[in-house]
Amino acid sequence: MPVAPAGTALAGGTNGPRALRPLLDTVLDALTTGAQDRSGPLPSGGPDTVARAVRDTCLPLLPEHGTGPHAALRTLVHTLAAGAADPADPHCAAHLHCPPLAVATAADLAAGALNPSMDSWDQAPAASELETLTSRELAALVYPQAAEPDALITTGGTESNQLGILLAREAPHPPHTNGPLQIVCGANAHHSIHRAAWLLGLPEPVTLPTPDGTLDPDTVRTCLAELAARTGPVLLTATAGTTDTGAIDPLPALADLADHHGARLHIDASYGGPLLFSDTHHTALNGLARAHTVTLDLHKLGWQPVAAGLLAVPGPTTLAPLGHQADYLNADDDTEAGLPDLLGRSLRTTRRPDILKIAVTLKALGRQGLGDLVDRTLAAARTLADLIDAHPHYELHSHPTLTTVLFRPTDADDTTLAAIRRSLLTEGHAVLGRATTPTGLWLKATLLNPHTQPGDLTTLLKLVEGHTPR
């Protein structure tokens, strides 16, 4: 047979690592030079400047004759790094967008090279067993008293919330509850709750006011009592770590109300779930184990490359509605012969072995190692809040529950605040978010870098102050 064209070596097999090694050197060099050219948390110049740089450097993206792997990698990886918003920079603190651990990123390379597809055992023999073991280990953190806790691997909080609501819709209900599932959530809930209701053909969620940032048990009690006369089942959704402030709903009280009124309980702990690793902070999640389903997301406060979501359940029967049969993937006679059935583990068919990077991280750091990272990050947020509180020209919204800190320059109106944020973005100096509360617009710093130092936070405040009109 003719020799394969240059640049078409495969990543797997015994020769794959030999082919990858020089390419990785090129990638790492390009990441380094790209970060040096950026020299900050994001590129300066704004969208038009970044778009022009990408076009000028990368086009044509489908040339008649290829440039070869090293040139393509060098050009595109450098361009991507130079034009990135880098969550490893301590002044990149706008979103729940974490800097991934190097060990997790290295594991993700192996997952990409081996390329198991997690929809049938014969495509992922070892990966399927690793997923089973690791997901059960994490589910046991959520449900320590359950006999057979389990968790599905998802793309993140949005998919996990959708699955939790789907399972509630499909769960067995008492005979008298024959109407559609009615979701009850707070105004603080993630937008994916409403989106899931729409996708699943459910009524618009009953959205309760959360003027203080969390669900009020008295308001929930009144709502559930009013819904008692309807004919359909009810799902109460709570949040352990809101996107605006990181607030945690009063989980034990809400679990009591769900029990009393016969409602299912789903808790979105996408942000706050990793507090389970911490000896210091895990009690903030008391009541979590009483939920029927719990969303976790380790590409937020878990330092994993995207994607690394989970939906935890107290037992496998909860997942029964996801069972699905496709003869080419899980034929009945194969399943009866002992081949594991993976198709009911997700609504997706082809999916990556995202469990590998999670498993490597858990084994490398252990619960206490991850707990230490959680503690460090929460401590950094509290340090920032203290600096703001002591500063004569800043106003602090509230002391942080997790790692989100809302603040604003004293007497700055909403228009000025928005302009400050955009100026910092355009100049490439800092990436801060924005949050609107009943008291107006605030700048939002979401700290997810466990290596952030007090000096980094002081500099961040000086950058904001330097862009504030006097």
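This is a short tutorial chat about reading a few features of a predicted model.

Biologist: Let's start with the sheet. How many strands form it, and in what order?

Modeller: Two strands count as paired if there are at least two bridges between them. Here 5 strands form an open sheet, ordered β1-β11-β12-β10-β9, with mixed pairing.

Biologist: Which strands stand at the edges?

Modeller: Those are β1 (92-93) and β9 (394-396). Each has a single partner strand, so one side of each is left without a neighbour in the sheet.

Biologist: Can we zoom in on one pair? How do β11 and β12 run, parallel or antiparallel?

Modeller: Strand β11 (residues 431-437) and strand β12 (residues 440-446) run antiparallel, and 5 bridges join them. For a spot to look at, find Thr 436, which stands opposite Leu 441 in β12.

Biologist: On to burial. Is Ala 139 buried or exposed?

Modeller: Buried means under 20% relative accessible area, and exposed means over 50%. Ala 139, found in helix α5, has a relative accessible area of 0%, so Ala 139 is buried. Also look at Leu 311: along the chain, Ala 139 and Leu 311 are 172 residues apart, yet their C-alpha atoms are separated by 8.5 Å.

Biologist: Now backbone angles. Where do I look for positive phi values?

Modeller: Try Asn 115, in the loop between α4 and α5. Its phi is near 55 degrees, a positive value in a residue other than glycine. Trp 303, in the loop between β7 and β8, has a positive phi too, near 60 degrees.

Biologist: Why does Asn 115 count as exposed, and why does Trp 303 count as buried?

Modeller: Use those cut-offs again: over 50% is exposed, under 20% is buried. Asn 115 has 58% relative accessibility, so it counts as exposed. Trp 303 has 1%, so it counts as buried.

Biologist: What about cis peptide bonds?

Modeller: Check omega. The bond joining Leu 59 and Pro 60 is cis, with omega about 0 degrees, and Pro 60 lies in the loop between α2 (46-58) and α3 (69-82). Another cis bond joins Val 306 and Ala 307, where omega is about 5 degrees. Ala 307 is in the loop between β7 (293-297) and β8 (309-313).

Biologist: Last one, charge. Which residues form the negative surface patch?

Modeller: Asp 122, Asp 327, Asp 332, Asp 333, Asp 334 and Glu 336 form it. Helix α11 (residues 332-336) gives the largest share, 4 residues. Asp 122 lies in the loop between α4 (102-114) and α5 (125-142), and counts as exposed because its relative accessibility is 59%.

Key:
Residues numbered from 1 in each chain as written. Predicted model: local features only at pLDDT ≥ 70, side-chain atom pairs only at ≥ 80, totals over all residues. Heavy atoms only, no water. Patch = residues over 30% accessible without salt bridge, like charges linked within 9 Å, V, L, I, M, F, W, Y side chains within 5 Å. Areas by Shrake-Rupley, 256 points an atom, 1.4 Å probe, with all protein chains shown as cover. Salt bridge = Lys/Arg side-chain N within 4 Å of Asp/Glu carboxyl O. Lys, Arg positive; Asp, Glu negative; His and termini not counted. Charge placed at Lys NZ, Arg CZ, Asp CG, Glu CD. Helix = DSSP H or I, 4+ residues; strand = E, 2+ residues; numbered from the N terminus. Buried < 20%, exposed > 50% of the residue type's maximum accessible area, 1.4 Å probe, protein only.
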